[in-house]
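Reader: I would like to learn how to read a structure feature by feature. Could you take me through this one, giving the idea behind each feature and then the case at hand?

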Amino acid sequence: MITVKHILAKKGPGVWTVLPTQTVYEALQVMAEHNVGCLPVVDKDGKLAGMFSERDYARKVILKGKASKETLVEELMTRQVYFVKPTRTVQDCMMLFSVKKIRHLPVMFNGELQGLISIGDAVNSIISEQADQIESLERYISSGGYG
């Protein structure tokens with residue numbers, strides 16, 4: 001069974017974050033530079049304070065006529081954050097993505113941000129696991145081990 005820890009190991013270390021006191025424009029620059037759709041918002045002590053996503057930008061800046069160079073992330077970030085521990089399974093994450101209608105989950109361990117997984121990361125891990133299972137079954141069948 002694939003866990004969040006496995007996904008993070010494949011993705012590699014590191015997660016890009018933004019401070020609540022940075023401007024929305026600065027957050028968008030970080031997102032564009034790293035080709036990500038969401039950033040965890042951390043306070044000056046590195047504690048998770050919220051999430052800022054492309055969806056937050058579209059719904060809270062553009063539609064409300066705010067200026068991204070003047071608006072702070074803390075004004076628009078999503079404050080209710082759902083997160084997972086590294087030991088949670090991909091199936092657990094898929095349930096959260098579906099039920100909570102979210103696309104990103106911070107990974108927390110002992111109160112520390114360890115990484116971020118997206119719904120795409122979860123889907124890709126499931127597809128990879130299924131491909132491995134199919135390959136194993138094909139090898140088993142072709143070796144005459146089926147009976």
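Author: Let us begin with a residue in a helix: Glu54 lies in helix α3, and the model that places Glu54 there is a predicted one.

Reader: Which residues does Glu54 touch, once those up to four places away in sequence are not counted?

Author: With those neighbours set aside, Glu54 touches Met31, Val36 and Gly37. Of these partners, Gly37 is a useful case for comparing two kinds of separation, since Glu54 and Gly37 are 17 residues apart in sequence and 5.6 Å apart in space, C-alpha to C-alpha.

Reader: How far apart in space are Thr78 and Val61, which are also 17 residues apart in sequence?

Author: From C-alpha to C-alpha, Thr78 and Val61 are 13 Å apart. Thr78 itself lies in the loop between α4 and α5, the latter covering residues 90-100, and with a relative accessibility of 29% Thr78 counts as partly exposed.

Reader: What surrounds Thr78, and with which side chain does the side chain of Thr78 make a polar contact?

Author: Not counting residues up to four places away in sequence, Thr78 touches Gly50, Met51, Asp56 and Lys60. The polar contact is with the side chain of Asp56, at 3.0 Å.

Reader: Is Thr89 buried or exposed, and where is Thr89 found?

Author: Thr89 is also found in the loop between α4 and α5, and Thr89 is buried because its relative accessible area of 14% falls under the 20% cut-off. Leaving aside neighbours within four places in sequence, Thr89 is in contact with Met1, Ile2 and Thr3.

Reader: Where does Thr71 sit, and which backbone oxygen lies 2.8 Å from a polar atom of the side chain of Thr71?

Author: Thr71 is found in the loop between α3 (54-62) and α4 (73-76), where Thr71 counts as buried at 5% relative accessibility. The backbone oxygen in question belongs to Ala67. Beyond the residues up to four places away in sequence, Thr71 touches Gln22, Thr23, Val24, Lys66 and Leu76.

Reader: At the bench I would ask about cysteines next. How many disulfides does the structure hold?

Author: The general idea is that a disulfide is a covalent bond between the sulfur atoms of two cysteines. Here the structure holds zero disulfides.

Reader: Why does Cys38 form no such bond?

Author: The closest cysteine sulfur to that of Cys38 is in Cys93, 14 Å away, which is too far for a bond, given that the cut-off is 2.5 Å. Cys93 is likewise in no disulfide, the nearest cysteine sulfur being that of Cys38. As for their surroundings, Cys38 counts as buried at 5% relative accessibility, and Cys93 counts as buried at 1%.

Reader: How many aromatic pairs does a search of the whole structure find?

Author: In general, a pair of aromatic rings is described by the distance of the centres and the angle of the planes. In this case the search of the whole structure finds zero aromatic pairs.

Reader: What, then, lies over the face of Tyr25?

Author: Lys69 lies over the face of Tyr25, at 4.6 Å from the ring centre.

Reader: Where in the protein chain is confidence lowest, and where is confidence highest?

Author: Confidence is lowest in helix α6 (residues 119-142), with a mean pLDDT of 81, and highest in strand β1 (residues 38-42), at 97. The protein chain as a whole averages a pLDDT of 90, and 96% of the residues score at least 70.

Definitions and conventions. Residues numbered from 1 in each chain as written. Predicted model: local features only at pLDDT ≥ 70, side-chain atom pairs only at ≥ 80, totals over all residues. Heavy atoms only, no water. Phe/Tyr/Trp six-rings, centres within 6.5 Å; stacked < 30°, edge-to-face > 60°. Lys NZ or Arg CZ within 6 Å of the ring centre and 35° of its normal. pLDDT = per-residue confidence, 0-100. Helix = DSSP H or I, 4+ residues; strand = E, 2+ residues; numbered from the N terminus. Buried < 20%, exposed > 50% of the residue type's maximum accessible area, 1.4 Å probe, protein only. Polar contact = N/O pair within 3.5 Å; in protein donor to acceptor, adjacent residues only side chain to side chain. Contact = heavy atoms within 4.5 Å.
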